[in-house]
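Trainee: I am new to this structure and would like a close look at how its helices and aromatic rings are packed. Please take one part slowly and then connect it to the rest.

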Amino acid sequence: MQKKFWVISEQGELLAEMINGVKLLGSDAAVIAAALGCERAAKIAAGAGAGKIYYFKLNEGAPVEAAYTRLAQLIKDEGADLVLVAATRRGKTLAALLAAELDAGLASEAKIEEFGDGSVKTSRFVYGGLAISTDTFVSGIPIVSIPPRTWERPALVETESPAITEIACDPGRVRVVGQKSRESSTVNLEEAEVVVTIGRGVKNREDLAMFEELAGLLGGVTACTRPVAEEEGYRWFPEDSYIGISGRAVKPKLYISIGSSGQIQHLAGCRDAKVLVGIDKNEDAPIFESSDYGIVGDLYQVVPELIKQIKAAK
Ligand SMILES: Cc1cc2nc3c(=O)[nH]c(=O)nc-3n(C[C@H](O)[C@H](O)[C@H](O)COP(=O)(O)OP(=O)(O)OC[C@H]3O[C@@H](n4cnc5c(N)ncnc54)[C@H](O)[C@@H]3O)c2cc1C
C-alpha cells in the first residue's frame, strides 16, 4: 500500500521544502499538506506537488497551534506513516501538541537519516550541541520537526489544483487579547548567500559599520554570535540575528566568521555553509578546524585590508 507522509506548516516556502524533501528521500509516498492559517501556503503546497491539501482557516489572531486537535483528528482519519512539521517556533509547539494528542513519538529539529519499512531513523543535536542523538521510531506515527532549509527549496509555484479543502478550526483554549511587535531583524538570514558574522572579538558598536561595509561589498548581510546579541542587551543586533543551535541556522554560499572562537553551539547554525572563512587572532581557535580558509590576525587590521582589496578588485 502506498505510504502517506504529512507535511505541516504555516509557511508555503517550508511546505515546498518538505515536499521536495520527501522526493529527495527517494520515497514515492503520497504527500498530504496542511497549510495553517495561510491560504497562499496551501497554493504553494499544491504547486510543489502535494497530492492532497488542507487549508486550516484560523480565527483572526489565533496561533497556529490552535489547529492541533482538528489536525490530529484528520491525521488519525487519513492515516500517516510519517508526519513532518516545519520547525518554526510555532511549528515546534504544534509538533509537541500533536505528539501528545496522537500518543506518538517526536524528534525535534532533527534530520531524517533513514526511512525503511516501518521504521524511521533521525539524528539531532542534544546537550546544547555537544552530542548527536540518533533515534529510531519503532511504533506509532513518527513525528519529526524539520529545521528550515534542511532540503533545497524548489521554485515556488502557486496553483489551486488539486483542490484545496478548507477546514474551520475550533477557537481553541487560547484567546489572543493583544499583540505587541518586538524589534526584529529586517534581514532575511536564511535566504542570504553571504553572511558576515561577528563575535566577541569586536569591541565597539561603532565598529559594526566596518562589517556592514564588508557584507555590502559582497552582497551579503551581517549577523552575530549569541553573546554579542545577549551581552549587549540586543542593542547591537536584535534577538533573532544570532547564529547557532539556539538561534538561526543559515546555509549561505559564503560564511565569514570574524572574532568568533567557533564553539560547537555556534557552528551548529552555520555548518551547512558552502565555504566558511574564519578570521581570529588566536591560531588555536576552534573556528579554524571547521574553516575552508582561515586568516590568523587582528580583525581590526584584517577586515580593513579585506575591504581595500575587494574594492580594488572591483
Ligand atoms: C546551551 C547553549 C546554547 C548556546 N547557543 C548558542 C548559539 O545558538 N549561538 C552562539 O553563538 N553561541 C551559543 N552558545 C554560546 C557558545 O557556547 C559560545 O560561548 C559562543 O558562541 C562564543 O561566542 P564568541 O565566539 O563570540 O566569543 P568567544 O568564544 O569569546 O570568542 C571570541 C574570539 O574572538 C577572538 N578575538 C578577540 N579579539 C580579536 C581581534 N582583535 N581580532 C581577531 N580575533 C579576536 C578571540 O581569539 C576569540 O577566539 C550556547 C551555549 C550553550 C551552553
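Mentor: What follows starts with one pair of helices and moves on to other contacts in the chain. Keep in mind that this is a predicted model.

Start with helix α1, residues 12-24, and helix α2, residues 39-48. Their axes come within 8 Å of each other and cross at roughly 25°. An angle under 35 degrees counts as roughly parallel, so α1 is described as roughly parallel to α2. The handedness of the crossing of α1 and α2 is right-handed.

Look next at the residues that make this contact. On the α1 side they are Gly12, Glu13, Leu15, Ala16, Ile19 and Lys23. On the α2 side they are Arg40, Ala41, Ile44, Ala45 and Ala48. Sorted by class, the residues where α1 meets α2 comprise seven nonpolar, one polar and three charged.

Helix α2 also has partners other than α1. Its buried residues are Ala41, Ala42, Ile44, Ala45, Ala46 and Ala48. These buried residues pack against α1, but also against strand β2 (30-36), strand β3 and strand β10 (164-168). Just after α2 comes Gly49, which has a positive phi, near 110°.

Strand β3, one of the partners of α2, leads to the aromatic rings. The structure holds two aromatic pairs. One of them is formed by Phe5 and Phe115, with 4.8 Å from centre to centre and 75° between the planes, which makes the pair edge-to-face. Phe5 belongs to strand β1, residues 4-9, and Phe115 to strand β6, residues 111-115, so this pair ties together parts of the chain 110 residues apart in sequence. Phe5 has a relative accessible area of 0% and is buried. Phe115, at 25% relative accessibility, counts as partly exposed.

The other pair is Trp6 with Tyr54. Their ring centres are 6.0 Å apart and the planes stand at 10°, so this pair is stacked. Trp6 is in strand β1 and Tyr54 is in strand β3, residues 52-57, so to describe the pair is to describe a link between distant parts of the chain, 48 residues apart. Both Trp6 and Tyr54 are buried. Strand β1 therefore contributes a ring to each pair: Phe5 to the edge-to-face pair and Trp6 to the stacked pair.

A second pair of helices can be read in the same way as α1 and α2. Helix α5 covers residues 208-217 and helix α9 covers residues 299-313. Their axes come within 10 Å and cross at roughly 30°. That angle makes α5 roughly parallel to α9. The crossing of α5 and α9 is left-handed, whereas that of α1 and α2 is right-handed.

From α5, the contact residues are Met210, Phe211, Glu213, Leu214 and Leu217. From α9, they are Leu299, Tyr300, Val303, Pro304, Leu306, Ile307, Ile310 and Lys311. By class, the contact of α5 with α9 has eleven nonpolar residues, no polar ones and two charged ones.

Three single residues complete the look. Ser260 sits in the loop between strand β13 (254-258) and helix α7 (264-267). With a relative accessible area of 4%, Ser260 is buried. Setting aside neighbours within four places in sequence, Ser260 is in contact with Gly199, Thr225, His266, Ile279, Asp280 and Ile287.

Gln265 is located in helix α7 itself. Its relative accessible area is 33%, and Gln265 is partly exposed. Not counting residues up to four places away in sequence, Gln265 touches Gly128, Leu130, Gly244 and Ile245. Gly297 is 32 residues from Gln265 in sequence, and their C-alpha atoms are 23 Å apart in space.

Ser108 lies in the loop between strand β5 (106-107) and strand β6, and β6 is the strand that holds Phe115. Ser108 is partly exposed, with a relative accessible area of 33%. Residues up to four places away in sequence aside, Ser108 touches Lys92, Arg124 and Ser145. Between the C-alpha atoms of Ser108 and Val83, which are 25 residues apart along the chain, the separation is 12 Å.

Terms used. Residues numbered from 1 in each chain as written. Predicted model: local features only at pLDDT ≥ 70, side-chain atom pairs only at ≥ 80, totals over all residues. Heavy atoms only, no water. Phe/Tyr/Trp six-rings, centres within 6.5 Å; stacked < 30°, edge-to-face > 60°. Helix = DSSP H or I, 4+ residues; strand = E, 2+ residues; numbered from the N terminus. Buried < 20%, exposed > 50% of the residue type's maximum accessible area, 1.4 Å probe, protein only. Axes fitted to C-alpha atoms, helices over the stretch in contact; angles between N-to-C directions. Parallel < 35°, antiparallel > 145°, perpendicular 65-115°, else oblique. Left-handed = near helix turned anticlockwise from the far one by under 90°. Contact = heavy atoms within 4.5 Å. Nonpolar A, V, L, I, M, F, W, Y, C, P; charged D, E, K, R; others polar.
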